[in-house]
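Here are my notes for your review. Please read them with the coordinates open.

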Amino acid sequence: MNTQMILRSSSGLAASTLLALTSVHAADTAKPASSEKDPFAPAENYITISGQYNGVSGDEAAFQAKNWTAKNGFGGIEDFRFGKSLKHDFEIKADGHALVGNADYLAHINVSKNEFGSVDAGYSRFRTYYDGIGGFFPSNKAWFPLVNQDLHVDRSKLWAQASLTLPNLPTLTVRYTHETRDGTKDSTIWGDTSNTGIPISSVNANNPVAANRKIIASYIDLDEKRQTLEGTIKHTFGKTTVQGSVIGETIDNVDTRYLNKYPGEARPAGGAAPAFWLWSQGSNAINGYHTQGVKTNALTFLVKAETVLSDDITAFAGVSYQHSTTDFTGSRPLTTSIAVGTIASYSVVQQYGGYATGGRAPGSYQDFTGGSRSKRLTANVGVDVKVVDTLFIETALKVEDLYTQSDDALTYNQYLVNQTTGVVTNNSLGYSNASKITELAWIPELSVRYTGMKDVSMYGSADYRHVPGTENTAYRTSTNLLTNADVTENHGNYTVGANWIPNSNFTGRIETFYKNHRNSFNANVSTAPTDKSQFILGSRYSGTRLSATVKILPTLTSTTRYVYQAGKMDLGAVGTPVVAATSSFTRYASYETADSISRQISETIDWTPVKQVYLQANLNIAFDTMQTAYPKAGGRGNDVIRNADNNYWNASLLIGFVVDKVTNAEFQYTHYRADNFKSETWITQPYGAGAKNYTATVAVKRKLTDKLLAELKVGYLSSRNDTSGGNTDYTARVAYVSLQQAF
Amino acid sequence: MITKPRSWSKNTFLFGGVSLWAVLLISCTMVDRAIVAPPHIAGASFVGDKECAQCHEETVKGFEHSTHAKLKVQGENAKGLGCESCHGPGSTHVQAGGGMGSIVNPGKSPEACFQCHLDKRGEFSLPNSHPVMSGKMTCTECHDPHKGKAIKGGAGHLTSEKETCTECHTAQKGPFVFEHNAMREGCTTCHNPHGTVNQKMLVQRDSNLCLKCHLQHPAVDGNATIIAGGEDHRTRMQNGTCWVSGCHEAVHGSNVSKPLRY
């Protein structure tokens, strides 16, 4: 649960009290049963100035990440709204906010004139926080977070739109947007360490220390920009409306991932060390980063048409063509120091890694350049038919033709170090990659709705995606000779459901769904059976959603929702299973890869025991587990895996009440608990997440004058995280104050 | 610097609880005023979709073909179903000739959506979620309740579901020289965009996430191997997840490595 939510949206929570009631007794009115005027009726134009102090004990980065707010707090204009009718039928609307500390800004203005047009422009920016954590080993409490855990990314959007809507003439719209994502966020691509206290558990005898595990925190620098310029013309000819758009899009991203492996470690020289140190043998500190630049230019032409053939039949069709080009650049230098001669002497190797000698490619590379060209032609056609007043049928067919060709070249770095002499041998090699993908997707869709039964509506929908295609690739070659693979997708999705409203006190809904997806891959590397890569990946998921809203008493409403989903996945063979050259396993024989089940039950109680008090309670319980290789792997295979459990429950309680004629008070409590942390797999990283969070706030809102509203809130937050071994626990005391002036 | 968190004592709850109830009891007996939290539409009643169409014709027309239209039921019991299910009773808004203060705007708060989608309240309240509860994002940025499918794109629509995500997450959009075929199934194969207990909103936080598609048949059941990509990954899985440094890092696609490394 987050602080900003607690301190800024409790009014919204309470609003749902009203809304939930309206959905049940729809025919009733929402008139307050009061003999006194409501002093808190929303104002049309206002400005809210607010500030919040956060006093955090414990991990400040975790507080920021979980609560979406700066560790010290924020202040400024929380909300501004202004709307006014001007001369000559013009209307102006403006809204915004500027919260310094949270770097949360919005400035938005809209000027419009009926049957003439409008101008809409704005700038928004908000910040998200990350805690820069890595993995945790309970056995020796190994924990390697980033030195600077205070990470954040700012997301901004600048837009301007002008529309001309003159009567009986085509509507013209031009829109420009410029979006950015800039900052540093954490990554789950964790690096290696030998300091886990775990004995070696592999046959790699070259590692004399402990087995390495990958729990070192890592991070990404984001520098992403996206611009779009869109022009649209729309006109209605008789009963046919036609819309045409041209959309230009540019994406310019330079993202850098920082890789830290074996920090603080240095493998000693001498002894039985081999003359050459290879990638797989090193446990010296390795620092590196991976930079990838992507520049995309895309141009899209879009035409859509909808025609009313009769009162009961509407037909539509559309065509979209997109052409895009993308340029790649990048490098991945990894640097380490390797002991030579004696332990006191180290030779710095600028580039490190190895493809040519069997290391995992690409360990280190440079001079990466390449590009991609893509064409996508999409068309759809459909018809919506009201067969009778109570039966609606909607059909559509979509066809999509996709062609993408990509290629690039790079230099894999391979530097071998003679530990005795310190001589470095450069074995770097240049290679290239390429791919060509074609797809022709056919997607029919059918939707039916029937409302002929009293108080009941029933509906069903089905869509089927059939995609024959090819996927040709060339990997680490000097010739760009593509291997061929036939790829086929067959995805069926089906849903049926019903709603029942027998009276004003009960609403019931049921929906069940079934998905059956089959993906076939048939690669022809050569004519030899063992060179064929053939498999089918299938998944079948089904589930049910049940909802019931019951007005138990005129002042008490219960809403319950239950979501159940179960599914299985399997990896099978195309035709006769191909037996691998090795004897350790049978390739591509049919095998169940996953068996999952999830149940989620949610409950909301809205209660107004007396007119001066409202109460809303929410409870959400999830049971979610998925089984893959455990326990059927057997033996030591079970040392490294457990089922994926994602069970949790969370709850909230909101109580609001009248204090005096111009004062309201509100109490809110939230609780979250996950208890899936499994540390018994001591040889590998623990499975599952465990955490316990709770928050409590008390708020008082008082109308100081007819147009001046003050609010004061104080709160307490606590977070305990088993997944990170308690290293990201925190408590916080927060205080918030706001003044809203209506005008 | 990490310091040991302090916790509340029983006295805190005892004192707080007693105080709360005392104030509550006093207010109930002293004040004759109802509390309905803002945004409150004082004295409003339901007017039906036809009234809304007087000004919002395009929106009401489009709603007939939206996902939410399938909830509409004929009969007096469902009179308020439609626009006012989410925007609240609209008579005051109609009488005022429009205006922001006289109608509920779900686009500013997820609470209107949560009244039916209660489970999403629970998911958005998890430690790893999109910032909807803090007001930095809204449900309508990814869903269109007024027209077409609530989950944008896919099936017979000109756009794909994936485009909803890659509009912001452009780095994951591709194209890549070497694609991860899971991207064809969609982002939700690995992520729950509403929120999960795991970092990056992953539906599983460990190797099971990958094994659910990539686990292959061993030579003999229970022979202690975990086969993926034609190789035994048991010892590699000791290191951590499949996408840790040096392994299959480029889970969304790679331009340099067919086994999906950066």
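## Notes on salt bridges, interface and core

1. Arg518(A) is partly exposed, at 31% relative accessibility. Its salt-bridge partner is Asp570(A), with the closest N and O atoms 3.4 Å apart. Asp570(A) is buried, at a relative accessible area of 12%. Arg518(A) sits in strand β23 of chain A and Asp570(A) in strand β25 (residues 556-572), so check this link between distant parts of the chain, 52 residues apart. Bear in mind that the model is predicted.

2. Strand β23 (residues 506-524) of chain A also holds Glu511(A). Glu511(A) forms a salt bridge with Arg545(A), at 2.5 Å from N to O. Arg545(A) lies in strand β24 (residues 532-553) of chain A, and the two residues are 34 apart in sequence. Which of the burial classes does Glu511(A) fall into? Glu511(A) counts as buried, because its relative accessibility is 13% and the cut-off is under 20%. Arg545(A) is partly exposed, with a relative accessible area of 28%.

3. A further salt bridge in chain A joins Arg226(A) and Glu179(A), whose closest N and O atoms are 2.8 Å apart. Arg226(A) belongs to strand β10 (residues 213-237) and Glu179(A) to strand β9 (residues 171-193), so the pair ties together parts 47 residues apart in sequence. Arg226(A) is buried, with a relative accessible area of 12%. Glu179(A) is buried too, at 15%.

4. How many salt bridges does the whole structure have? The search finds 43 over all chains. Across the interface of chain A and chain B there are 11. In one salt bridge, Arg184(B) meets Glu439(A) at 3.4 Å, N to O. Both residues belong to a salt-bridge network with Arg465(A), Glu471(A), Glu489(A) and Glu179(B). Side chains of opposite charge can pair when their charged atoms come close.

5. Now the interface as a whole. Chain A and chain B bury about 15200 Å² between them, and 56% of that is on carbon and sulfur atoms. Chain A puts 217 residues into the contact and chain B 144 residues. The rule also finds 47 residue pairs in polar contact across the interface, both residues at pLDDT 80 or more. Helix α2 (residues 10-24) of chain A gives the largest share of the chain A side, 11 residues. By class, that side has 82 nonpolar, 75 polar and 60 charged residues.

6. Which residues from chain B join the largest nonpolar core? They are Val177(B), Phe178(B), Val256(B) and Leu260(B), in a core of 12 residues. Chain A residues in the core include Tyr365(A), Leu410(A) and Tyr412(A). Strands β16 (365-388) and β17 (391-412) of chain A each supply at least two core residues. Another core, of 11 residues, lies apart from this one and includes Ala629(A), Ile641(A), Tyr687(A) and Leu215(B).

7. Look at Tyr365(A) in detail. Beyond four places in sequence, its contacts include Leu410(A), Tyr412(A), Val256(B) and Tyr262(B). His290(A), Gly330(A) and Arg332(A) are also among them.

8. Last, Val242(A). This residue is in strand β11 (residues 240-261) of chain A. Val242(A) counts as partly exposed, at 27% relative accessibility. Its C-alpha atom is 5.8 Å from that of Lys304(A), a residue 62 places away along the chain. Leaving aside neighbours within four places, Val242(A) contacts Lys304(A), and also Val303(A), Ala305(A) and Phe237(A), among others.

Methods:
Residues are numbered from 1 along each chain as its sequence is written. Chains are lettered from A and ligands numbered from 1 in the order in which they are written. This is a predicted model: local features need pLDDT of at least 70, side-chain atom pairs count only at pLDDT 80 or more; totals for chains, interfaces and linings use all residues. Side-chain values use heavy atoms; hydrogens and water are left out. A nonpolar core is a set of buried Ala, Val, Leu, Ile, Met, Phe, Trp, Tyr and Cys residues joined through side-chain atoms within 4.5 Å. Buried means under 20% relative accessible area, exposed over 50%, partly exposed in between (1.4 Å probe, protein chains only). Helices (H or I, at least four residues) and strands (E, at least two) are DSSP runs, numbered from the N terminus. Contact means heavy atoms within 4.5 Å. Buried area is the accessible area (1.4 Å probe) that two parts lose on being put together, summed over both. A salt bridge is a side-chain nitrogen of Lys or Arg within 4 Å of a carboxyl oxygen of Asp or Glu. A polar contact is a pair of N or O atoms within 3.5 Å; within protein, one must be able to donate a hydrogen and the other to accept it, and residues adjacent in sequence count only if both atoms are side-chain atoms. Ala, Val, Leu, Ile, Met, Phe, Trp, Tyr, Cys and Pro count as nonpolar, Asp, Glu, Lys and Arg as charged, and the others, Gly among them, as polar.
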